[in-house]
Amino acid sequence: MDHYRLMNEQYYDCLEEQNFDSSNAVELARRAAKAFRRAYMFEEDETIVMDFACGVGLVSRELIAHAKSIVGVDISQKMVDEYNRRTVNQGLSMEEMHAVRADILDLDSNEIQSMQGSFDVIVCSAAYHHLDDITATTRALIKFLKPGGSLLVLDLLKDENISVDEVFPEHEALDIVAHRGGFAREQIKGAFDTAGFSSFVFEDGIKAKKKGYPVTLFIARGIKSCL
């Protein structure tokens with residue numbers, strides 16, 4: 001297992017419950033879900049969603065009213081267990097919304113193989129910067145989409161005018177961030193192009209402030225060929 005996959009699994013498996021629903025995380029999930037809905041036309045009776053790197057399901061909870069079903073995927077068993085506990089507490093069935101612990105790069109896994117080609121859209125909110133290899137991950141994610149399906153990635157836009165250490169001190173303090181300060185457009189486009197996505201779109205998704213500095217989270221979209 002790559003370094004950051006292992007470190008993220010260990011970190012989130014040990015995360016204290018009081019940190020599951022920080023005000024910042026809840027607000028980000030709310031705004032991320034709105035950005036995803038602007039970028040993709042969800043149909044509540046038809047759209048089957050994968051929430052990749054789902055955590056405890058904050059984004060899934062915002063999207064479930066607009067989708068037929070959602071499967072959360074995360075590398076942390078603790079996050080998956082909490083996601084599923086909350087699904088039950090919300091009165092939802094596991095057919096509507098559930099999470100699985102899976103490493104999508106383990107293509108020999110029976111569970112991974114069974115989900116391939118199943119989803120209309122995959123969403124990933126603020127997790128790409130944690131990944132060792134965004135190209136390998138993007139190549140893996142396209143396998144889970146139906147022909148014509150979309151991948152939506154929301155993450156931090158790299159800004160050379162801000163000090164990463166000052167604005168995002170946690171990126172250095174916690175050994176779970178592989179891409180400190182986020183991404184430039186060319187990095188994301190390269191990963192999407194290599195994976196075989198078409199109709200690449202890259203635009204501002206969320207505008208915010210952190211420590212007084214303006215920051216932007218982009219939203220990138222690619223479509224799997226129908227051929």
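This passage walks through a few buried parts of a predicted model: a pair of strands, a helix, a tyrosine beside a cavity, and the cysteines.

A good place to start is the pair of strands E1 and E2. Strand E1 covers residues 48-52, and 4 of its 5 residues are buried. Its partner, strand E2, takes in residues 69-74, and the two run in the parallel sense, joined over 5 bridges. Two of the matched pairs can be picked out by eye: Ile-48 has Ser-69 in E2 as its bridge partner, and Met-50 is matched with Val-71. E2 is mostly covered too, with 6 of its 6 residues buried. What about the two faces of E2, buried or exposed? On one side sit Ser-69, Val-71 and Val-73, on the other Ile-70, Gly-72 and Asp-74, and all of these are buried. In other words, both faces of the strand are covered.

Helix H6 comes next. It is made up of residues 134-142, and since 7 of its 9 residues are buried, the helix is largely enclosed by the rest of the structure. The buried set consists of Ile-134, Ala-136, Thr-137, Thr-138, Ala-140, Leu-141 and Ile-142. What do these residues pack against? The answer is a mix of strands and a helix: E1, strand E4 (119-125), strand E5 (145-156) and helix H9 (185-195). Thr-138 makes a handy example from this helix. Its relative accessible area is 0%, so Thr-138 is buried. Leaving out residues up to four places away in sequence, Thr-138 touches Tyr-128, Leu-151, Ala-191, Phe-192, Ala-195 and Phe-197.

Another residue worth finding on screen is Tyr-83, which belongs to helix H4 (residues 77-89). Why does Tyr-83 count as buried? Its relative accessibility is 0%, and the cut-off for buried is under 20%. Once neighbours within four places in sequence are set aside, the contacts of Tyr-83 include Cys-54, Gly-55, Val-56, Gly-57 and Ser-60. Ile-70, Val-71 and Gly-72 are also among them, as are Met-97, His-98 and Ala-99. So far as the chain goes, Tyr-83 and Ala-99 are 16 residues apart, yet their C-alpha atoms are 6.4 Å apart in space.

Tyr-83 also helps to line a cavity. Rolling a probe the size of a water molecule over the atoms shows where empty space is left. How many cavities of 30 Å³ or more turn up in the whole structure? The search finds 1, and the largest cavity has a volume of about 40 Å³. Around the largest cavity are Val-56, Gly-57, Leu-58, Arg-61, Tyr-83, Arg-86, Gln-90 and Met-97. Helix H3 (58-63) and H4 are the elements that give two or more residues to this lining. Sorted by type, the lining of the largest cavity has 4 nonpolar, 2 polar and 2 charged residues.

Last come the cysteines. A disulfide is a covalent bond between the sulfur atoms of two cysteines. The count here comes to 0 disulfides. For Cys-124, the closest cysteine sulfur is in Cys-54, and at 10 Å that is too far for a bond. Cys-124 has 0% relative accessibility and therefore counts as buried. Cys-226, on the other hand, counts as exposed because its relative accessibility is 61%.

How values were computed. Residues are numbered from 1 along each chain as its sequence is written. This is a predicted model: local features need pLDDT of at least 70, side-chain atom pairs count only at pLDDT 80 or more; totals for chains, interfaces and linings use all residues. Side-chain values use heavy atoms; hydrogens and water are left out. Helices (H or I, at least four residues) and strands (E, at least two) are DSSP runs, numbered from the N terminus. Buried means under 20% relative accessible area, exposed over 50%, partly exposed in between (1.4 Å probe, protein chains only). Contact means heavy atoms within 4.5 Å. On a 1 Å grid over the protein atoms alone, a cavity is a set of points where a 1.4 Å probe fits but cannot get out, and a pocket is an open set with protein on both sides within 12 Å along at least five of seven lines; lining residues have an atom within 4 Å of a point. Grid points are joined across faces, edges and corners, and a volume is the space filled by probe spheres set on the points. Ala, Val, Leu, Ile, Met, Phe, Trp, Tyr, Cys and Pro count as nonpolar, Asp, Glu, Lys and Arg as charged, and the others, Gly among them, as polar. A disulfide is a pair of cysteine sulfur atoms within 2.5 Å. Two strands pair if DSSP finds at least two bridges between them.
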